[in-house]
Amino acid sequence: MSNRTFTMIKPDAVANGHIGGILNMITEAGFRIVAMKMTRLSGEKAGEFYAVHKERPFYGELVEFMSSGHIVAAILEKDNAVEAFRNLIGATNPANAAEGTIRKKYAESIGRNAVHGSDSDENAEIEGNFFFSGLEKF
Ligand code: CMP
């Protein structure tokens, strides 16, 4: 069980002015922001980030959406971070997201769902390394 996870604030939430609201929910829930940057993914980079979903029917739509605007990438720290953060963001589909979760408040649909959160310690490490160098993560 690692104490770090990785998140992205997705293009829908950035475009709609929700960076501050989402970061506030994250820090209020007791996560420490270890590293953070606002950037953009090219189509190629978005495809690489979501390569595990390559065979899914929504892959093309996902890559197009994730490269459609700015995102905020961050590494977060808290005990049992992956599970704690998935509880904070709520279900992938906002229709199923619990009250008080980030997706309940900010997600528009299953695709435009405001935030990403790593689904395992291993993926948290891989995804954090995708955006941040060793010194930035220190
Ligand atoms: P995320 O946690 O970033 O990881 C994979 C993403 O694929 C997921 O959030 C959703 O935004 C997206 N996704 C999953 N299922 C669908 C779907 N049926 N249609 C469009 N996007 C989807």
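The exercises below work through the fold, the core and the ligand site of one predicted model.

Residues are numbered from 1 along each chain as its sequence is written. Because the model is predicted, local features need pLDDT of at least 70 and side-chain atom pairs count only at pLDDT 80 or more, while totals for chains, interfaces and linings use all residues.

**Exercise 1. The sheet**

Task: Work out the order in which the strands of the open sheet are arranged, and which strands stand at its edges.

Solution: Begin with the elements themselves, which are DSSP runs numbered from the N terminus, helices being H or I runs of at least four residues and strands E runs of at least two. Two strands pair if DSSP finds at least two bridges between them. On that basis the open sheet has 4 strands in the order E2-E3-E1-E4, with antiparallel pairing. Strand E2 (32-40) and strand E4 (115-117) are at the edges, and each has a single partner strand, so one side of each is left without a neighbour in the sheet. From one strand to the next, the twist averages 20°, where axes are lines fitted to C-alpha atoms, for helices over the stretch in contact, and angles run from 0 to 180 degrees between N-to-C directions.

Next, follow the pairs across the sheet. E2 and E3 are joined antiparallel over 8 bridges, and within this pair arginine 32 stands opposite glutamate 77 in E3. E3 and E1 are likewise antiparallel, over 6 bridges; here the bridge partner of arginine 4 in E3 is glutamate 77, and that of threonine 7 is alanine 74. E1 and E4 pair in the antiparallel sense over 3 bridges, with isoleucine 9 opposite valine 115 in E4. Helix H5 packs on this sheet, touching E1, E3 and E4, and its direction makes about 30° with that of E1.

**Exercise 2. Burial and the core**

Task: Decide whether strand E1 is mostly covered or open, and identify which residues have the most contacts inside the largest nonpolar core.

Solution: A residue is buried if 20 or more other C-beta atoms, placed from the backbone, lie within 10 Å of its own, exposed if 12 or fewer, and partly exposed in between. By this count 6 of the 6 residues of E1 are buried. Arg4, Phe6 and Met8 point one way from the strand and Thr5, Thr7 and Ile9 the other way, and all are buried.

The core is then built from buried Ala, Val, Leu, Ile, Met, Phe, Trp, Tyr and Cys residues joined through C-beta atoms within 7 Å. The largest such core has 29 residues, and Ile22, Leu76, Phe85, Ile102, Ala114 and Val115 have the most contacts inside it. Among the elements that each supply at least two of its residues are strand E1 (4-9), helix H2 (19-28), strand E3 (70-77) and helix H7 (121-131). Two residues are in contact if their C-beta atoms, placed from the backbone, lie within 7 Å; valine 115, leaving aside residues up to four places away in sequence, touches residues including Thr7, Ile9, Ile22, Ile89 and Ile102.

**Exercise 3. Two positive phi values**

Task: For asparagine 80 and alanine 114, find where each lies, and state whether each is buried or partly exposed.

Solution: Most residues other than glycine have a negative phi, and most peptide bonds are trans. Asparagine 80 has a positive phi near 50° and sits in the loop between E3 and H5; with 13 C-beta neighbours inside 10 Å, asparagine 80 counts as partly exposed. Alanine 114 has a positive phi of about 70° and belongs to the loop between H6 and E4, but alanine 114 is buried, with 28 other C-beta atoms within 10 Å.

**Exercise 4. The ligand shell**

Task: Which residues surround the ligand, and how do they divide into nonpolar, polar and charged?

Solution: A residue is near a molecule or strand if its C-beta atom, placed from the backbone, lies within 6 Å of it. The ligand is surrounded by His53, Phe58, Glu61, Leu62, Thr92, Ile110, Gly111, Asn113 and His116. Ala, Val, Leu, Ile, Met, Phe, Trp, Tyr, Cys and Pro count as nonpolar, Asp, Glu, Lys and Arg as charged, and the others, Gly among them, as polar. The shell accordingly divides into 3 nonpolar, 5 polar and 1 charged.
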